[in-house]
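Student: I've just opened this one and could use a guide. Can we go through it together, a question at a time?

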Amino acid sequence: IASAALAMFVAGCASAPPPKTQLQIREYQTRAFDTQDLKKVLKACLDALQDDGYIVKNAVPDLGLLTATKQLDVENKTGAVILVLLGGNNARWAKNSETEVTVNVSEFGNQVKVRANFSLKVIDNKSGVVDVKQIQEQKYYQEFFAKIDKAIFLQATFDPSAPRPER
């Protein structure tokens, strides 16, 4: 029995993926766009964030820096009532989440490079911080960069000064 338990434990440990290195995280937090128009890409980042419900807190075009936040209500009303019944005035539960993003846009040869860093903070009903973590899911960043691609496309589509194909 002990051997079987040890084998299951070792197999379980072996199947867990190793933690990502900072270099791996940086790789999917960064995307290069085929344009030299830094202002256009910065504006596309701003548009993508606003379209996704973020409130821009800071924009420094000279540095290519944007910071923005998005708040969501994550309160489970039923769970909150139960916790109040059990714990009274001292009960605490997750009330809001705040996603914060910092975007850095910079020149990169004949391209413009964008690096985004998303973090998630969970806040309880007493305004205490429950948890803060960096969002490390690669798909999250892929979806963000797809929105920037779309915003760049829409800018070109609706820009009256952009060259139009001949008909």
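Student: How many aromatic pairs does a search of the whole structure find?
Tutor: Keep in mind that this is a predicted model. Aromatic rings pair when their centres lie within 6.5 Å. Searching the whole structure for aromatic pairs gives a count of eight.

Student: Take Phe-118 and Phe-144: is their pair stacked, tilted or edge-to-face?
Tutor: A ring pair is described by the distance of the centres and the angle of the planes. For Phe-118 and Phe-144, the centres are 5.2 Å apart and the planes sit at 80 degrees. Planes over 60 degrees apart count as edge-to-face, so this pair is edge-to-face.

Student: Which parts of the chain does that pair link?
Tutor: The two residues are 26 residues apart, so to speak distant parts of the chain. Phe-118 belongs to strand β5 (residues 111-124), and Phe-144 to helix α5. The pair links strand β5 and helix α5.

Student: Are Phe-118 and Phe-144 buried or exposed?
Tutor: Buried means under 20% relative accessible area. Phe-118 has 1% relative accessibility, and Phe-144 has a relative accessible area of 5%. Both values are under that cut-off, so Phe-118 is buried and Phe-144 is buried.

Student: And what kind of pair do Phe-144 and Phe-145 make?
Tutor: Their ring centres are 5.6 Å apart, with the planes at 55 degrees. That angle is neither under 30 nor over 60 degrees, so the pair is tilted.

Student: Which residues touch the most other members of the largest nonpolar core?
Tutor: This core has 26 residues. Helices α2 (22-29), α3 (38-51) and α5 and strands β3, β4 (94-108) and β5 each supply at least two of them. Those touching the most other members are Val-103, Val-114, Phe-144 and Ile-148.

Student: How far apart in space are Thr-67 and Val-56?
Tutor: Thr-67 is in strand β3 (residues 65-73), and Val-56 is one of the residues it touches. In sequence, Thr-67 and Val-56 are eleven residues apart. From C-alpha to C-alpha, the distance in space is 6.0 Å.

Student: Now the surface: is Leu-154 buried, partly exposed or exposed?
Tutor: Leu-154 is in helix α5 (residues 138-158), and Leu-154 helps make a nonpolar surface patch of about 350 Å² with Phe-153 and Phe-158. Buried means under 20% relative accessible area and exposed over 50%. Leu-154 has 34% relative accessibility, so this residue counts as partly exposed.

Notes:
Residues are numbered from 1 along each chain as its sequence is written. This is a predicted model: local features need pLDDT of at least 70, side-chain atom pairs count only at pLDDT 80 or more; totals for chains, interfaces and linings use all residues. Side-chain values use heavy atoms; hydrogens and water are left out. Patches are made of residues with over 30% relative accessible area and no salt bridge: like charges are joined within 9 Å, nonpolar side chains (Val, Leu, Ile, Met, Phe, Trp, Tyr) within 5 Å. Accessible areas come from the Shrake-Rupley method with a 1.4 Å probe; for residues, only the protein chains shown count as cover. A salt bridge is a side-chain nitrogen of Lys or Arg within 4 Å of a carboxyl oxygen of Asp or Glu. Helices (H or I, at least four residues) and strands (E, at least two) are DSSP runs, numbered from the N terminus. Buried means under 20% relative accessible area, exposed over 50%, partly exposed in between (1.4 Å probe, protein chains only). Contact means heavy atoms within 4.5 Å. Rings of Phe, Tyr and Trp (its six-membered ring) pair if their centres lie within 6.5 Å; planes under 30 degrees apart count as stacked, over 60 as edge-to-face and the rest as tilted. A nonpolar core is a set of buried Ala, Val, Leu, Ile, Met, Phe, Trp, Tyr and Cys residues joined through side-chain atoms within 4.5 Å. Lists of a residue's contacts leave out its neighbours within four places in sequence.
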